[in-house]
Amino acid sequence: MKPIERVTLTLQHKEADRIPVYPLMCGVARKLVGAPYPRWSTDMDVCAEAYEKVTEEFDLDIICTLIDLSVEAADFGQPIIYPENEAAHPDFHNYMLKSIADINALQPIKFKDSVRMKGMVKLCDRLMKSKGAEVPVVAFVFGPLGVLSMMRGQANLFMDILDDPDAVKNGVAAVTETLLEYIDALAATGVPAVMLDTLFASQSIMRKSMWLEFEGPYVKRIAERIREHGAQVMIHNCGNGIYFDAQIEAMQPTAISFLHLPDDCQSPQELKEKYGSKVTLIGRIPPTWLLTCTQEDLEEECRREIDDYKAGGGFILATGCEYPANLGFEHARTMVRMAKEYGKY
Amino acid sequence: MQVLQAISQALQRGDVNGVRQGIATALGEGIEPKRILEEGMLSAMDIIGVKFKNNEIFVPEVLIAARAMNAGMEALKPKLVEAGIKPIGKVVIGTVKGDLHDIGKNMVRMMMEGAGFEVVDLGIDVAAERFVEAVQEHQPDILGMSALLTTTMGEMKAVIDAVADAGLRDQVKIMVGGAPLTQSFADQIGADVYCKNAAEAASAAKQLVL
């Protein structure tokens with residue numbers, strides 16, 4: 001069975017030949033093409049080659065085009081640092097939105113004037129041409145509240161929400177307008193799905209009602225736009241106590257990539273029972289744990305998760321967040337082997 | 001005392017001006033600075049810590065409470081110094097080298113200050129040798145380290161090794177925390193305490209010194 005057939009059946013909550021697998025191998029793929037992080041992040045031919053190689057070498061069932069969380073903010077004008085061995089990030093000493101007034105005055109930018117977002121579209125286009133017939137290519141987009149935080153600083157933004165809610169909503173609305181254009185361009189490449197990172201929709205950050213007020217309506221529009229293009233909506237959120245219910249209501253995703261149990265589930269069994277028929281579950285090997293675990297530990301964890309979630313389809317074995325960018329490849333190989341051997345239906 | 005209650009409530013809702021005004025009123029009424037600190041501010045931070053731990057409040061609410069606490073401490077500190085009030089312990093804290101994230105570290109600092117500790121905050125991107133220097137200089141009871149990235153959490157072991165190499169390991173308890181960390185990682189690098197969140201960190205720190 002081809003990965004695209006396997007994943008399609010899984011997303012339809014049907015049992016394929018086995019569970020699909022994709023350790024979220026993004027930055028680590030740069031090693032396969034010998035590129036330093038800055039080049040991998042900014043040269044989309046290099047990035048595409050890395051994604052192609054990692055997909056082929058590890059026989060991955062999905063390509064998810066996460067590069068870093070600064071792609072969108074960079075195009076708004078946020079100064080970005082590109083470290084040699086880790087993901088790009090905003091210059092934390094130089095946020096472009098220096099006050100609540102700056103947030104309030106933020107204007108959408110035109111996609112045609114972007115650089116990094118255009119790069120992401122180029123990446124998706126190339127991957128669709130080289131791999132799209134066999135492997136689902138999922139475009140990765142940061143949610144609007146997250147993008148705003150990259151320009152203002154998370155701590156500042158969280159306090160702004162309480163100090164001047166309307167100003168923050170104006171900022172999120174401006175980012176959303178740009179993201180809608182971005183979605184149009186991504187969808188034009190033919191990607192079958194877009195994964196929205198809703199970083200703040202969990203108990204790790206803010207209460208559910210706050211997320212529903214400050215990002216919910218905006219990601220709802222984005223999700224609707226994705227579906228208008230015939231693509232599927234997926235969510236990534238690695239927070240603790242993730243709000244499955246609120247996000248399903250707002251975005252109607254077909255799949256959720258997660259690390260921790262949702263706020264309203266006490267066990268994997270409860271999660272599978274409550275949400276297993278509504279969304280495909282993608283996860284949830286802890287990536288940081290991979291830094292210290294043994295191969296035997298990982299095999300055991302894979303077996304446990306496969307047992308917890310695989311019944312009736314609707315489960316993709318993955319890391320709960322990005323595979324550590326400076327880790328070796330052995331644990332990824334183990335995950336793929338476990339999916340092939342133990343994850344058979 | 002009504003004014004102490006007002007300070008506590010203002011702090012809990014993150015009302016900087018309310019805290020400042022309350023402190024000025026309390027001092028004007030002749031209330032001892034120590035009592036203002038303990039009954040007006042530290043008690044409020046205890047409540048914030050418990051609510052945060054129980055998921056009744058979240059990061060934004062804690063951050064504005066921290067801002068109010070800092071404003072209150074600025075106003076009260078000269079009076080506390082005059083009165084010779086001592087902290088319950090000293091903590092050196094920082095985010096490890098290569099890591100520029102500070103929300104978690106700042107929340108731990110605030111919770112520890114709220115628990116009555118003096119906190120020396122080394123900031124972000126702190127090299128191992130800087131942690132060692134700070135332990136030598138400030139002689140804290142506790143050294144706290146934060147990391148948010150899988151690419152930087154390994155630096156924690158370098159700090160612990162550097163503290164040991166400097167012959168200081170027996171003089172200081174080492175606490176670690178940060179989103180990607182786990183108890184097993186903390187055990188593996190030789191930390192004394194791992195905490196899942198800022199509220200836990202303050203409780204654990206108190207247990208270490210009291």
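How many Å separate the centres of domain 1 of chain B and domain 2 of chain B? Taken over C-alpha atoms, those two centres are separated by 25 Å, and I will come back to the two domains after a word on the model itself. This is a predicted model, in which local features need pLDDT of at least 70 and side-chain atom pairs count only at pLDDT 80 or more, while totals for chains, interfaces and linings use all residues. Residues are numbered from 1 along each chain as its sequence is written, and chains are lettered from A and ligands numbered from 1 in the order in which they are written.

Let me begin with chain B, where the domain assignment, with bounds that come from an automatic or database source, gives domain 1 as 2-83 and domain 2 as 89-209. Between them, 10 residues of domain 1 of chain B are in contact with 11 residues of domain 2 of chain B, contact being C-beta atoms, placed from the backbone, within 7 Å. On the domain 1 side, helix 3 (33-53) and helix 4 of chain B are the elements that give two or more residues, where helices are DSSP runs of H or I, at least four residues, numbered from the N terminus, and strands are runs of E, at least two.

Turning to the two chains, 21 residues of chain B are in contact with 23 residues of chain A. On the chain B side, helix 4 (59-83), helix 5 (103-114) and helix 8 (183-189) each give two or more residues, and the largest share, five residues, comes from helix 4 of chain B.

From chain A, I would pick out helix 8, residues 154-163, which is mostly covered, with eight of its 10 residues buried; buried here asks for 20 or more other C-beta atoms within 10 Å of a residue's own, with C-beta atoms placed from the backbone. Among these buried residues are A:L157, A:F158 and A:M159, and the buried set packs against helices of chain A, including helix 9 (165-188), together with helix 4 and helix 5 of chain B.

Finally, chain A holds an open sheet of eight strands in the order 1-10-9-8-7-6-5-2, with parallel pairing, two strands being paired if DSSP finds at least two bridges between them. The edge strands, each pairing on one side only, are strand 1 (21-22) and strand 2 (63-64) of chain A. Within the sheet, three bridges join strand 8 (residues 255-258) to strand 9 (residues 280-285) of chain A, and A:I256 stands opposite A:L281 in strand 9.

Notes: A residue is buried if 20 or more other C-beta atoms lie within 10 Å of its own, exposed if 12 or fewer, and partly exposed in between; C-beta atoms are placed from the backbone.
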